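The following exercises concern a protein model and are solved step by step. Please examine the sequence and the structure before reading each solution.

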Amino acid sequence: MMTIQQNVNLLPYNTFHVQAMARQFAAVRNPGELDEVLEVCPPQQQPVLVLGGGSNLLFVDDYDGLVIRNELMGITVVQEDDEYAYVQVGAGENWHRFVQYCVQNGLGGVENLSLIPGSTGASPIQNIGAYGVEVKDVFHALEAFHLGDRERTTFNLEDCEFGYRESVFKKKHKGAFIILHVTFRLSKKPRFNTSYGALEQELEKMGIQELSLQAVSEAVIRIRQRKLPDPARIGNAGSFFKNPEVDLSVYQQLKKDFQNMPGYTTGEEKIKLAAGWLIEQCGWKGYRQGDAGCYEKQALVLVNWGGATGRQIYQLSSEIAESVEKKFGVKLEREVNVIGSHLR
Ligand code: FAD
Ligand code: EPU
């Protein structure tokens, strides 16, 4: 039986561990329950927020609307041939559990994305990425449910308009759909991608002679555990900002003043800068203001040491972005989804 709860504290449902009250809250385990919830609380009457693992959100206010927590489960091979297996995954499935399923079953493509927190349904929203791979590289299709007209739609790769930490679900369809399940195309004859410097070094350190899905996954896990705070212990949502992309000419100009500045080519005349480096250069790494802070091992990650409010973390992020713009003339864009009525 589906129930709609009133005035629910969202602290256990976001990895920043900040307090925020949801006026209404419902966990849905199947499309029937979703339909029921939307029948009782149609989105025409109040705002609706879809929640997965809450690992890419910052609540800066109470949520005066309905929060739907997606708990649609299931991992099924829906089609296969000699080269590929097509695996359909319920949106509520934990992402890393799905990665482990692939590694254990000899299916290649997501091993570089090991240990990213959150749900599988959220993975296409910002086209999650790490260590040289993005979800778009294995994405086949997804089925989504329009919250307003309650129709189902299939989105293929092209429809999703994936980019760096971008998709159609952050732009023209922002907040309009709930993703029900995602189908990935995984390789039965894995081709490994170890081009990311830190990954190559880690595999070497581990003494790996012959690459395997297990080895790559393990190397990624080791790097991540060293660098990133475990949200179970220290509140955070991973990288707070995107790495900014600038024109080659802007990069060349900056390089004159800052010789050590890292930059990565991303296509025609565009360079991606390392936001963590820019923030560190402004002196924020390890900084703490009350319980809101900038992580001492990775300046791109903002942390809640315990009792910080969403607003305090947001305020710190604004100060950081302002100082980076002042020193380098580069604007930082938040990667984390800020949920609040006044601040965006
Ligand atoms: P939530 O935070 O619950 O939601 C994020 C957004 O997606 C919200 O706008 C929400 O409304 C929407 N949404 C969620 N589920 C659905 C759905 N089913 N249908 C429609 N909309 C939905 N990200 C990376 O890309 N790479 C990394 O390496 C990485 N590392 C991280 C490390 C740490 C320690 C942490 C805490 C986070 C990291 N992240 C990383 C960010 C985060 O894990 C991903 O963005 C993840 O996909 C978020 O999943 P979630 O279920 O927690 O989404
Ligand atoms: N750097 C610093 N100081 C810091 C942090 C980083 O100088 O405090 C420099 C590093 O020395 C390196 C460069 O910045 O030269 C890149 O650092 P790193 O490899 O740690 O990766 P990142 O760019 O900070 C991105 C993603 C991560 C992803 C990793 C690995 C974004 C916004 N972040 O971080 O994704 O896991 O690469 O691929 O693109 C996330 O999105 O939440 C996330 C954690």
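**Exercise 1.** In this predicted model, determine the order of the strands in the open sheet and how they pair.

*Solution.* The open sheet is formed by five strands, and their order is β6-β7-β12-β10-β11. Their pairing is antiparallel. Next, consider the edges: β6 (75-80) and β11 (152-156) each have a single partner strand, so one side of each lacks a neighbour in the sheet. Finally, from one strand to the next the twist averages 20°.

**Exercise 2.** Describe the pairing of strand β7 with strand β12, and identify the bridge partner of A85 in β12.

*Solution.* Strand β7 covers residues 84-90 and strand β12 covers residues 177-187. Seven bridges join these two strands in the antiparallel sense. Within β12, L186 is the bridge partner of A85.

**Exercise 3.** Which strands does helix α1 touch, and what angle does its direction make with that of β10?

*Solution.* Helix α1 (residues 31-40) packs on the sheet, where it touches β10 (139-146), β11 and β12. The direction of helix α1 makes about 35° with that of β10.

**Exercise 4.** State how many disulfides the structure holds, then decide whether C160 and C41 are buried or exposed.

*Solution.* A disulfide requires two cysteine sulfur atoms within 2.5 Å. The structure holds zero disulfides. For C160, the nearest cysteine sulfur is that of C102, 18 Å away, and C160 is in no disulfide. Residues under 20% relative accessible area count as buried. C160 has 0% relative accessibility and therefore counts as buried. C41, at 3% relative accessibility, is likewise buried.

Conventions:
Residues are numbered from 1 along each chain as its sequence is written. Chains are lettered from A and ligands numbered from 1 in the order in which they are written. This is a predicted model: local features need pLDDT of at least 70, side-chain atom pairs count only at pLDDT 80 or more; totals for chains, interfaces and linings use all residues. Side-chain values use heavy atoms; hydrogens and water are left out. Buried means under 20% relative accessible area, exposed over 50%, partly exposed in between (1.4 Å probe, protein chains only). Two strands pair if DSSP finds at least two bridges between them. Helices (H or I, at least four residues) and strands (E, at least two) are DSSP runs, numbered from the N terminus. Axes are lines fitted to C-alpha atoms, for helices over the stretch in contact, and angles run from 0 to 180 degrees between N-to-C directions. Contact means heavy atoms within 4.5 Å.
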